[in-house]
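Work through the exercises below with the sequence and the model side by side, and try each task before you read its solution.

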Amino acid sequence: MCLKVAGTILVVAMLAVVLANQNDAGDGPAEAGDRTTQDAAVVAEDSGEPEPKPDSREEILRLRNSFNEMKGIVASRLVSLQGLGQSQVVIDGKAIVGEIVDGKFKDRQASGNSPTRLRSPMSREEEEWIVLAGELRSEDFVELLLNRIADHGYVHLLGRTPYQGYPAYYYLCKIGLPSCQPALHRIPLEPDDKIRDYLTRLLQRCLGNSEARSRLLVLKEKCETDETRERVQTAIEQCDAKPSPHQMNCR
């Protein structure tokens, strides 16, 4: 019985040796060839010219063009969702053809055409585009975001959104100083108390309370009617009564 077991083990060992020799004979040249090819590739890589690296200036230009294209798409979509045309300023929720020059609104609304009123409340889709505009942090979106500065959004994501229900106001603060002058221009024109409140808050957060008050005092001197002066005075009183606790990091 022991002899049979020993014989079986011997046969298995001999078969293993034969198979190993066959594998070495059949695969050896191929493996050697693979090694030669790999070694040649390494030598060629070491001795040849380095692979050209992309030009950083070209990469920056490409990214800048992509960014500008993205801004154009977002702005166009927001204009469409807000029902606006070119050269329109939204006052009291109404889109009026005109422009603000030196703090004064120049109405260019054609006679007989009633201004378009913004949809109230804003749609969920518009809120998503406002958030995207805010994330891009471009001053190109300031006027479009000012149109919705006091409007409450829908999306809360279980309370995790940083803008706490007011996306346009939050991202205007993030855009920072470029938001301030357009907001300042709107204060004497805007009859809605809530909107003026948020415009003033924006100035307080981005400029600091004392600087916001100083600019409002200058603006008041430029007002031509009692009504506009009263609106600016209300904003000044807001600075006196509810000073901003800190200056937001606008970037």
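**Exercise 1: Helix α9**

Task: compare the reach of α9 with the span expected for its number of residues, and then sort its residues into buried and exposed.

Solution. Helix α9 has 16 residues, and from its first C-alpha to its last it reaches 22 Å, close to the 22 Å expected at 1.5 Å a residue. The expected span is 1.5 Å times one less than the number of residues, and helices (H or I, at least four residues) and strands (E, at least two) are DSSP runs, numbered from the N terminus. This is a predicted model, in which local features need pLDDT of at least 70 and side-chain atom pairs count only at pLDDT 80 or more, while totals for chains, interfaces and linings use all residues. Residues are numbered from 1 along each chain as its sequence is written, and side-chain values use heavy atoms, with hydrogens and water left out.

For the second step, buried means under 20% relative accessible area, exposed over 50%, and partly exposed in between (1.4 Å probe, protein chains only). By this rule Thr228, Arg231, Val232, Ala235, Ile236, Gln238 and Cys239 are buried in α9. They cover an arc of only 155 degrees around the axis, which puts them on the same side of α9; the arc is that of the directions from the helix axis to the C-beta atoms. On the other side of α9, Asp226, Glu230 and Ala241 are exposed. The cover over the buried residues of α9 includes α7 and α8.

**Exercise 2: Helix α8**

Task: find which residues of α8 are buried, and explain why they can be assigned to one side of the helix.

Solution. Begin with the length: the 14 residues of α8 (residues 209-222) should span 20 Å at 1.5 Å a residue, and the end C-alpha atoms are 20 Å apart, which agrees. The buried residues of α8 are Asn209, Ala212, Leu216 and Leu219. Because they cover an arc of only 85 degrees around the axis, they lie on the same side of α8. The general rule is that an α-helix has 3.6 residues a turn, so residues three or four places apart point the same way. On the other side of α8, Ser210 and Glu221 are exposed, whereas the buried residues pack against α6 (180-186), α7 (193-207) and α9 (226-241).

**Exercise 3: The core and a residue of α7**

Task: name the residues with the most contacts inside the largest nonpolar core, and then describe the surroundings of threonine 200.

Solution. A nonpolar core is a set of buried Ala, Val, Leu, Ile, Met, Phe, Trp, Tyr and Cys residues joined through side-chain atoms within 4.5 Å. The largest one has 46 residues, and those with the most contacts inside it are Leu145, Leu146, Ile149, Leu202, Leu203 and Leu216. Among the elements that give two or more residues to this core are α2 (56-81), α3 (124-136) and α5 (167-175).

Contact means heavy atoms within 4.5 Å. Leaving aside neighbours within four places in sequence, leucine 202 is in contact with Leu146, Ile149, Tyr169, Leu172, Cys173, Ser179 and Ala183. Threonine 200 lies in helix α7 and is buried, with a relative accessible area of 1%. Not counting residues up to four places away in sequence, threonine 200 touches Ile187, Leu216, Ala235, Gln238 and Cys239.

**Exercise 4: Two loop residues**

Task: decide whether aspartate 151 and arginine 137 are buried, partly exposed or exposed.

Solution. Aspartate 151 sits in the loop between α4 and α5. Its relative accessible area is 24%, so aspartate 151 is partly exposed. Outside its neighbours within four places in sequence, aspartate 151 is in contact with Met122, Gly165, Tyr166 and Pro167. Arginine 137 belongs to the loop between α3 and α4, and its relative accessible area of 27% makes arginine 137 partly exposed too. The phi of arginine 137 is near 55 degrees, a positive value in a residue other than glycine.

**Exercise 5: The whole chain**

Task: state how many helices and strands the protein chain has, and how confident the prediction is.

Solution. The protein chain has nine helices and four strands, and of its 251 residues, 35% count as buried. The mean pLDDT (the predictor's confidence in each residue, from 0 to 100) is 76, and 62% of the residues reach 70 or more. Over residues 40-44 the pLDDT is below 50, and beyond near neighbours in sequence this stretch has one contact in the model.
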